[in-house]
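Subject: Handing over a structure, with notes

Dear colleague,

I am passing on the structure below, together with an account of what was found in it. Please read the notes with the structure open beside them.

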Amino acid sequence: MSLPKTLADDVAKNLVMVARLIDEDPERAYAYSKVVLRLASRVAAVREAGGFAAYANQKYSEALAEFRAARRMSGSVELWPVMADCERGLGRPEKALDMAGAPEVHKLDKAGQVEMRLVAAGARRDMGQLDAAIVTLQSPELAAGSVQPWTARLRYAYADALLAAGREGEAREWFAKAVEADRDGSTDASDRLAELDGVDFVDALDEEAADGAEETDEADGAEEVDEVVVKEAAVDVEDEDEAAAESESESDAEAKADRDEV
């Protein structure tokens, strides 16, 4: 569907903002998606962007509706895995598994098929079927030595499922493999691996802040001590002045008594 140039420019600008913000600020991305949906709801790319913005905000029912609309408009099956994951988000893992076995899956490219496998394994876990989830993830893509865009996430999901099943040794091995494949830090595999190895990371900035706080406390304590010392010294001076005054008064009284006697 073609749009007038001015409208097309406005739509493009809002779509750029959705794409730019969807990871770092999903709520703002969602707000931009609502604007662009008002501008051009009959454009498949707009409905798809709206779906992903809703999905990022866990608005799964809305996301699913937008993805379905985009699929009807474009005729593409590439959104099939994320649509199935929306079914999981809505508490319908059985529906997600039905979609994993549908003919549409065979029309997906390799990345889409791996994504569908991840969703199916997640659905199995939702249903408490840990062993089935592990088997679902065992695939040629998991065993491949070459690193693809999906490799880190696939290895991570497999390691996480193994750990949930109590197979810690195997889980550690696959978390390590996930770290090797995770070149852009898309997972927290390194943290999970360190946790299994009993390694604690200390934030140097936090440590410096703590040291600074201790120094401040010590300085405050020293000031309080100095203040106490000053107060005590002042009290001592006052006591000495009172004692001298009393002594002087007694001397004056004795002198007066002597004069009276004379």
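**Nonpolar cores**

The largest nonpolar core has 26 residues, of which Phe-67, Leu-79, Trp-80, Met-83, Ala-84, Leu-108 and Met-116 touch the most other members. Two or more residues each come to this core from helix H3 (44-56), helix H4 (60-74), helix H5 (80-89), helix H6 (93-100) and helix H7 (110-126), and the element that gives the most is H5, with 5 residues. Please keep in mind throughout that this is a predicted model, and that the values below are computed from it.

Met-83 serves as an example of the surroundings of one core residue: when its neighbours within four places in sequence are left aside, Met-83 is in contact with Leu-64, Phe-67, Arg-68, Arg-71 and Met-99. Apart from the largest core lies another one, of 21 residues, which includes Val-114, Ala-121, Leu-154 and Ala-159. As a general point, nonpolar side chains in soluble globular proteins tend to be buried together.

**Helix packing**

Helices H5 and H6 pack at an angle of about 160°, their axes being 7 Å apart; since angles over 145 degrees count as roughly antiparallel, H5 and H6 are therefore described as roughly antiparallel to each other. Their crossing is left-handed. On the H5 side the contact is made by Trp-80, Met-83, Ala-84, Glu-87 and Arg-88, and on the H6 side by Pro-93, Lys-95, Ala-96 and Met-99. Trp-80, Met-83 and Ala-84 have thus come up before, as they are among the residues that touch the most other members of the largest core.

The second pair is H7 and H10, which pack at an angle of about 15° with their axes 11 Å apart, and that angle makes H7 roughly parallel to H10. H7, too, passes its partner H10 in a left-handed crossing. Here Val-114, Glu-115, Leu-118 and Arg-125 of H7 meet Arg-153, Leu-154, Ala-157, Asp-160, Ala-161 and Ala-164 of H10. Val-114 and Leu-154, one from each side of this list, are also among the members of the 21-residue core.

**Salt bridges**

The count of salt bridges comes to 15, and three of them can be described in some detail.

In one, Glu-62 pairs with Lys-34, with 3.1 Å between the closest N and O atoms. Glu-62 lies in helix H4 and Lys-34 in helix H2 (residues 26-39), so the pair ties together parts that are 28 residues apart in sequence. Glu-62 is partly exposed, at a relative accessible area of 23%, and Lys-34 is likewise partly exposed, at 32%.

In another, Asp-160 forms a salt bridge with Arg-192, the closest N and O atoms being 2.9 Å apart. This pair links distant parts of the chain, Asp-160 being in helix H10 (residues 151-164) and Arg-192 in helix H12 (residues 189-196), 32 residues apart. Arg-192 has a relative accessibility of 18% and counts as buried, because the cut-off for buried is under 20%. Asp-160 also belongs to the residues of H10 that meet H7.

The side chains of Asp-197 and Arg-172 meet in a further salt bridge, at 2.8 Å from N to O. Asp-197 sits in the loop between H12 and helix H13 (204-261) and Arg-172 in helix H11 (residues 168-181), and this pair links distant parts of the chain that are 25 residues apart. Asp-197 counts as partly exposed at 39% relative accessibility, as does Arg-172 at 34%. Besides these pairs, Arg-68, Glu-87 and Arg-92 are joined into one network by salt bridges that share partners; of these three, Arg-68 is in contact with Met-83, while Glu-87 takes part in the contact between H5 and H6.

**Two single residues**

Ser-33, which has its place in helix H2, counts as buried at 0% relative accessibility. Not counting residues up to four places away in sequence, Ser-33 touches Val-18, Ala-49, Gly-50 and Ala-53.

Glu-94, found in helix H6, is partly exposed, with a relative accessible area of 45%. From C-alpha to C-alpha, Glu-94 and Ala-123 are 7.2 Å apart in space, although 29 residues separate them in sequence.

With best regards

Key:
Residues are numbered from 1 along each chain as its sequence is written. This is a predicted model: local features need pLDDT of at least 70, side-chain atom pairs count only at pLDDT 80 or more; totals for chains, interfaces and linings use all residues. Side-chain values use heavy atoms; hydrogens and water are left out. A nonpolar core is a set of buried Ala, Val, Leu, Ile, Met, Phe, Trp, Tyr and Cys residues joined through side-chain atoms within 4.5 Å. Buried means under 20% relative accessible area, exposed over 50%, partly exposed in between (1.4 Å probe, protein chains only). Helices (H or I, at least four residues) and strands (E, at least two) are DSSP runs, numbered from the N terminus. Contact means heavy atoms within 4.5 Å. A salt bridge is a side-chain nitrogen of Lys or Arg within 4 Å of a carboxyl oxygen of Asp or Glu. Axes are lines fitted to C-alpha atoms, for helices over the stretch in contact, and angles run from 0 to 180 degrees between N-to-C directions. Angles under 35 degrees count as roughly parallel, over 145 as roughly antiparallel, 65 to 115 as roughly perpendicular and the rest as oblique. A crossing is left-handed if the near helix is turned anticlockwise from the far one by less than a right angle, and right-handed if clockwise.
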